[in-house]
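Work through the exercises below with the model open beside you. Try each task before reading its solution.

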Amino acid sequence: TQEKLADYLNISYQAVSKWENGLALPDITLLPKLANFFGVSTDELLDLNTSENKEELKKYEEQYQELNRKGKVLEKIELSRKVLDLYPRNYQWMLNLAYGLVSYCSTSEQQKYSQEHKFKEEAIALCERVLEDCTIDGIRHSAIQILCYNYPDIGKKAQAIKLAENMPDMLICKEALLSRIFSGEECLKQNQSNLIQMIDF
């Protein structure tokens, strides 16, 4: 809808309506965001190369992983916001931001900062958007995980339970299914991995 596109781009839906009716054109700075929102290359809009976007996202992902290894959560949050500003409909980066927001709670100072800046509320809103718009199961499941862990803290325990109850049963998860498909050494390794994960959990 016009409203949803406007919401993602932080503009008014009236502006989108004017574009559709030919009464106005988007600001040129919005064209890359529009292309990324619709998952098409700016090639189709301004004759740019799509491989540049993939390379740029790959570099951002490398930066994110490096910050993650160093435990620099605020920097991960800042990077995720920067990427989402460029690629407003990138659901993986919505998750990256949400994970950063909910993980900034290791110390009492971090918890206070997180509360003051409403990190949990922002993460929940991002995950709700993912569930509303994304069709990729793996990304949706990660969003559900974040919501199930955080909904109870904001008085939405019933919604967390409903989400959890709609998830696949433990016996039909990826790991359990692979252990039934594999045989011999592959099966043994998968079962060992499953056991280690369960003990760790």
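The exercises go from the whole chain to single residues and then to charged pairs. Note that the model is predicted.

**Exercise 1. Describe the fold content and overall extent of the protein chain.**

Step 1. Count the elements. The protein chain has 13 helices and 0 strands.

Step 2. Take the extent. Along the principal axes, the C-alpha atoms fill a box of roughly 65 × 45 × 35 Å.

Step 3. Check burial. Of the 201 residues, 32% count as buried.

Step 4. Look at the surface. The accessible area comes to about 13300 Å², and carbon and sulfur atoms hold 53% of that.

Step 5. Check contact range. Among contacts with a separation of 6 or more, 45% join residues 24 or more positions apart.

**Exercise 2. Is Leu30 buried or exposed? Place it and list its contacts.**

Step 1. Locate the residue. Leu30 sits in the loop between α2 (13-20) and α3 (31-37).

Step 2. Apply the cut-off. Buried means under 20% relative accessible area. Leu30 has 11% relative accessibility, so it counts as buried.

Step 3. List the partners. Leaving out residues up to four places away in sequence, Leu30 touches Ile11 and Trp19.

Step 4. Add a distance. Leu86 is 56 residues from Leu30 in sequence, and their C-alpha atoms are 9.2 Å apart.

**Exercise 3. Do the same for Gln190.**

Step 1. Gln190 belongs to helix α13 (residues 184-200).

Step 2. Its relative accessibility is 13%, so Gln190 counts as buried.

Step 3. Residues up to four places away are again left out. Gln190 then touches Glu175, Leu178, Ser179 and Phe182.

**Exercise 4. Which residues join Lys4 in one salt-bridge network?**

Step 1. Start from the total. The structure holds 9 salt bridges.

Step 2. Take one pair. Lys4 bridges to Glu132, with the closest N and O atoms 2.5 Å apart. Lys4 is in helix α1 (residues 2-9) and Glu132 in helix α9 (residues 119-133), 128 residues apart.

Step 3. Take another. Asp133 also bridges to Lys4, at 3.4 Å between the closest N and O atoms. Asp133 lies in helix α9 and Lys4 in helix α1, so this pair ties together parts 129 residues apart in sequence.

Step 4. Compare exposure. Lys4 is partly exposed at 27%. Glu132 is exposed at 57%. Asp133 is buried at 16%.

Step 5. Conclude. Shared partners join Lys4, Glu132 and Asp133 into one network.

**Exercise 5. Where are the partners of the Asp153–Lys120 salt bridge?**

Step 1. The closest N and O atoms of Asp153 and Lys120 are 2.6 Å apart.

Step 2. Asp153 is in the loop between α10 (137-150) and α11 (157-165), and Lys120 is in helix α9.

Step 3. Asp153 is exposed at 52%, while Lys120 is partly exposed at 25%.

Notes: Residues are numbered from 1 along each chain as its sequence is written. This is a predicted model: local features need pLDDT of at least 70, side-chain atom pairs count only at pLDDT 80 or more; totals for chains, interfaces and linings use all residues. Side-chain values use heavy atoms; hydrogens and water are left out. Helices (H or I, at least four residues) and strands (E, at least two) are DSSP runs, numbered from the N terminus. Buried means under 20% relative accessible area, exposed over 50%, partly exposed in between (1.4 Å probe, protein chains only). Contact means heavy atoms within 4.5 Å. Accessible areas come from the Shrake-Rupley method with a 1.4 Å probe; for residues, only the protein chains shown count as cover. A salt bridge is a side-chain nitrogen of Lys or Arg within 4 Å of a carboxyl oxygen of Asp or Glu.
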